[in-house]
Amino acid sequence: MTDKTQQATFADLGLIPALVERLEVLEYSQPTPIQSHAIPHVLDGRDMVGGANTGSGKTAAFSLPILQKILQQGESNARRGNFVSHLILVPTRELASQVAYNVKSYSYHLRDKIKTVAVFGGVSVNPQMQALRGGCDIIVATPGRLLDLVSSNAIKLDQVKTLVLDEADRMLSLGFTEELNKILALLPEKKQTLLFSATFPDKVTTLAQHLLNDPVEVQLQSAEASTLVQRVFSVNKGEKTAVLAHLIKQHQWRQTLIFVNAKNACNHLAQKLSKRGITAEVFHGDKGQGARTRVLEGFKSGEIQVL
Ligand code: AMP
């Protein structure tokens, strides 16, 4: 990374005033490193493999050039049947909502020109079908629900010009390989493909080699990685919860994320923490979408201390 790229503005990267002005409103004063490195190449139409975590600003890195392409081409598939031009594939419902939210916020002032739809499982398919009626410019999708919508003819993928695979490592580790291959087979040969992943196990590298055409490679550490402190506590099994509760109380930790290895363990731990006066909620695959959204909102607002 050179100082020059660090200091570049969004306009220096080649973004048009319609987008630069919107970023000013959103108070994005400077591009993040992944944005500085990726945006010019993506605007040039290059394929890209990016090593970047959530928090690096990768959503804007891939979506701003897509928005620019739509604006410059001045055409909208939304007016031409049930096609989509730009497909962003993500591994989870939450990420689909979050990415679509960001894309919509970057194009809020252009909402009569650019139509973005999020589709994901765990919620009723009908509103999503309705939203797709007449096609759209950008879809942010989880693989399974996208295939359901393709098989019911709610959307066609044969006009896709850009494919983004976001969090490719999680997509493959969550077992989406089969769905992903089905989707790839439905896409046109000629397209721009951007693959982002936090880690590069063999599966991801193989996928990138198979999918990308002479890609630009951008590898960056996320901002969080350098500020994260890791500590190990050696305790007896029966004392884990007591130590955890003690640490949370002693340090007055707010917005604490705890990862456990099973849904049951998750439920038990939350109950035990609640008994000790700590507001804890669970978040796992057995929870419906409504509950998941409520819990996340509570966690974000600080009402829920431990997730
Ligand atoms: P992401 O890694 O794409 O999930 O982005 C992480 C967060 O950083 C999101 O809340 C973005 O809105 C925010 N963000 C992305 N790029 C910038 C920027 N250049 N300046 C300020 N905030 C940003």
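# Exercises on a predicted model

In strand 4, Val117 has Ile139 as its bridge partner. The model used in these exercises is predicted.

**Exercise 1.** Describe the sheet: how many strands form it, and in what order?

Solution.
- Step 1. Start with one pair: strand 3 and strand 4 (residues 136-141) are joined over 4 bridges, in the parallel sense.
- Step 2. Extend the view to the whole sheet, which is open and has 7 strands with parallel pairing. Their order is 3-4-2-5-6-1-7.
- Step 3. Find the edges: strand 3 (116-119) and strand 7 (216-219) each pair on one side only.
- Step 4. Add the twist. With direction ignored, neighbouring strands of this sheet are turned by 15° against each other on average.

**Exercise 2.** Decide whether Asp166 is buried or exposed, and find which side chain it makes a polar contact with.

Solution.
- Step 1. Locate the residue: Asp166 is in the loop that runs between strand 5 (162-165) and helix 8 (168-173).
- Step 2. Apply the cut-off: buried means under 20% relative accessible area. Asp166 counts as buried because its relative accessibility is 0%.
- Step 3. Look for the polar partner: the side chains of Asp166 and Lys58 make a polar contact at 2.8 Å.
- Step 4. List the surroundings. Beyond the neighbours within four places in sequence, the contacts of Asp166 include Lys58, Phe62, Leu89, Val90, Met171 and Phe196.

**Exercise 3.** Determine which residues are closest to the ligand and how much of its accessible area the protein covers.

Solution.
- Step 1. Of the 13 residues that surround the ligand, the closest are Tyr28, Gln35, Gly55, Gly57 and Thr59.
- Step 2. Check the backbone atoms. A polar backbone atom of Gly57 is 2.8 Å from an oxygen atom of the ligand. For Ser56, a polar backbone atom is 3.1 Å from a ligand oxygen. For Lys58, a backbone N or O atom lies 3.3 Å from an oxygen atom of the ligand.
- Step 3. Read the coverage: on its own the ligand has 500 Å² of accessible area, and the protein covers 71% of this.

**Exercise 4.** Place Arg145 and state which backbone oxygen its side chain reaches.

Solution.
- Step 1. Arg145 belongs to helix 7 (residues 143-151).
- Step 2. Its relative accessibility is 11%, so Arg145 counts as buried.
- Step 3. The side chain of Arg145 reaches the backbone oxygen of Phe120 at 3.4 Å.
- Step 4. Leaving out residues up to four places away in sequence, Arg145 touches several others, among them Val119, Phe120, Gly121, Gly122 and Gln128.

Note on methods: Residues numbered from 1 in each chain as written. Predicted model: local features only at pLDDT ≥ 70, side-chain atom pairs only at ≥ 80, totals over all residues. Heavy atoms only, no water. Helix = DSSP H or I, 4+ residues; strand = E, 2+ residues; numbered from the N terminus. Buried < 20%, exposed > 50% of the residue type's maximum accessible area, 1.4 Å probe, protein only. Polar contact = N/O pair within 3.5 Å; in protein donor to acceptor, adjacent residues only side chain to side chain. Contact = heavy atoms within 4.5 Å. Pairing = 2+ DSSP bridges. Axes fitted to C-alpha atoms, helices over the stretch in contact; angles between N-to-C directions. Near = heavy atom within 4 Å. Areas by Shrake-Rupley, 256 points an atom, 1.4 Å probe, with all protein chains shown as cover.
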